[in-house]
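Notebook open, new structure on the screen. I'm going to start with the overall make-up and then look at how two helices pack.

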Amino acid sequence: MTAGAVLLLWPTEKAAEQSAPSVEEYRSMLEKQTEELIAGLDGIKDCKVLITLESGYEYLYASDQTLVKTYSENGTLLGSTATKEYFSDSGGGAAVITESMPVISGIAVVAKGAGADLRYRIIELLQAAYGLPGNRISVQS
């Protein structure tokens, strides 16, 4: 193996920076940010947050699909064959058109000593922050 080939296989810092966090790391980061957001409200001393996600990351890849149909002499469809070719990016992998982050399905909050008014304010805050309906957010004291 030549030195040039070794350099091509060696990961670069830029490639490492572009890698997305794992789903678990992403969820943990969201929970920590949400705890910090709630802790900023007057009257909150201690809170814990649990976030559930619907799925992981979703990717849409650039591709070209070809559909070949075979017909008989009288025009009856005999069969079809589909082939899909993915376009490559500069690194040789499949070119990603869009990447969707994991979707939040629900948030549970335990805020010690929070009265009804404060629980309502937390729900409003999380609805605004994450665009979730109120029935997907539970706040307990």
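Entry 1, the parts list. I counted secondary structure in the protein chain and got four helices and seven strands. Worth keeping in mind from here on: this is a predicted model.

Entry 2, the order. Reading from the N terminus, I get α-α-α-β-β-β-β-β-β-α-β for the elements of the protein chain.

Entry 3, the whole chain. I checked burial next: 21% of the 141 residues of the protein chain count as buried. For the surface, I noted about 10100 Å² exposed by the protein chain, with carbon and sulfur atoms supplying 53% of that. Then I looked up contacts between residues at least 6 apart in sequence, and 62% of these join residues at least 24 apart.

Entry 4, a helix pair. At what angle do H3 and H4 pack? I find about 135° between H3, residues 23–39, and H4, residues 116–130, with the axes 11 Å apart. That angle makes H3 oblique to H4, because anything over 145 degrees would be needed to count as roughly antiparallel. I also jotted down the handedness: H3 passes H4 in a right-handed crossing.

Entry 5, who touches whom. On the H3 side I listed Leu30, Thr34, Leu37 and Ile38. On the H4 side the contact is made by Ile122, Leu125, Leu126, Ala129 and Tyr130.

Entry 6, the character of that contact. How do its residues divide into nonpolar, polar and charged? My tally for H3 with H4 is eight nonpolar, one polar and no charged.

Terms used: Residues are numbered from 1 along each chain as its sequence is written. This is a predicted model: local features need pLDDT of at least 70, side-chain atom pairs count only at pLDDT 80 or more; totals for chains, interfaces and linings use all residues. Side-chain values use heavy atoms; hydrogens and water are left out. Axes are lines fitted to C-alpha atoms, for helices over the stretch in contact, and angles run from 0 to 180 degrees between N-to-C directions. Helices (H or I, at least four residues) and strands (E, at least two) are DSSP runs, numbered from the N terminus. Angles under 35 degrees count as roughly parallel, over 145 as roughly antiparallel, 65 to 115 as roughly perpendicular and the rest as oblique. A crossing is left-handed if the near helix is turned anticlockwise from the far one by less than a right angle, and right-handed if clockwise. Contact means heavy atoms within 4.5 Å. Ala, Val, Leu, Ile, Met, Phe, Trp, Tyr, Cys and Pro count as nonpolar, Asp, Glu, Lys and Arg as charged, and the others, Gly among them, as polar. Buried means under 20% relative accessible area, exposed over 50%, partly exposed in between (1.4 Å probe, protein chains only). Accessible areas come from the Shrake-Rupley method with a 1.4 Å probe; for residues, only the protein chains shown count as cover.
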